[in-house]
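Reader: I'm in my first year and still learning how to look at a protein model. Could you pick one part and walk me through it slowly?

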Amino acid sequence: MRTQLEETLDQLRKQLSEVDSLDSEQREKLQEAVTEIQQSLDHSEVSSHSLAERLSEATAQFQESHPSLTNSVGRIADMLSQMGI
């Protein structure tokens, strides 16, 4: 599960770098959440339940305009939930 989560995080990072129409505030929120998840994984301290919630909140504003980003974030949130985070 961890490997799949890391691959999905990489995919989301790539998508974020390719999307030009994303509001800078939205992009920053997503990047912060991705960074926090990665740091938690790197330190084996994945314990923040709010990570999935923040990811979902960050995508709420652009669900219709950026469905692929929304899909990636949804998969990450689901994996975090399955991991008990």
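Author: Here's a close look at helix 1, followed by a short stop at a salt bridge in helix 2. Keep in mind that this is a predicted model.

Let's begin with the basics. Helix 1 covers residues 2–18, which makes 17 residues. From its first C-alpha to its last it reaches 25 Å, close to the 24 Å expected at 1.5 Å a residue.

Now, which residues of helix 1 are buried? They are L5, T8, L9, L12, Q15 and L16. Try looking down the axis of helix 1: these buried residues fall within an arc of 125°, so they line one face of the helix. Here's the bit of background that helps: an α-helix has 3.6 residues a turn, so residues three or four places apart point the same way.

What sits over that buried face? The cover includes helix 2 (24–42) and helix 4 (67–82). Turn to the face of helix 1 that points away from the buried side, and you'll find the exposed residues T3, E7, K14, S17 and E18.

Two of those exposed names, K14 and E18, come up again when you go hunting for salt bridges. E18 forms one with K14, and their closest N and O atoms are 3.9 Å apart. The cut-off for a salt bridge is within 4 Å, so this pair makes the list. The two residues are 4 apart in helix 1, so about one helical turn separates E18 from K14. As for K14, its relative accessibility is 52%, and exposed means over 50%, so that's why K14 counts as exposed.

Helix 1 holds another pair too. R13 forms a salt bridge with D10, with the closest N and O atoms 2.6 Å apart. Those two are 3 residues apart in helix 1, again about one helical turn. Are R13 and D10 buried, exposed or something in between? R13 has 32% relative accessibility and counts as partly exposed, and D10, at 44%, counts as partly exposed as well.

Finally, hop over to helix 2 for a similar arrangement. There K29 forms a salt bridge with E25, the closest N and O atoms being 3.6 Å apart. K29 and E25 are 4 residues apart in helix 2, which puts about one helical turn between them. K29 has a relative accessibility of 38%, so K29 counts as partly exposed. How many salt bridges does that make in the count? The count comes to 3.

Methods: Residues are numbered from 1 along each chain as its sequence is written. This is a predicted model: local features need pLDDT of at least 70, side-chain atom pairs count only at pLDDT 80 or more; totals for chains, interfaces and linings use all residues. Side-chain values use heavy atoms; hydrogens and water are left out. The expected span of a helix is 1.5 Å times one less than its number of residues. Buried means under 20% relative accessible area, exposed over 50%, partly exposed in between (1.4 Å probe, protein chains only). The arc is that of the directions from the helix axis to the C-beta atoms. Contact means heavy atoms within 4.5 Å. A salt bridge is a side-chain nitrogen of Lys or Arg within 4 Å of a carboxyl oxygen of Asp or Glu.
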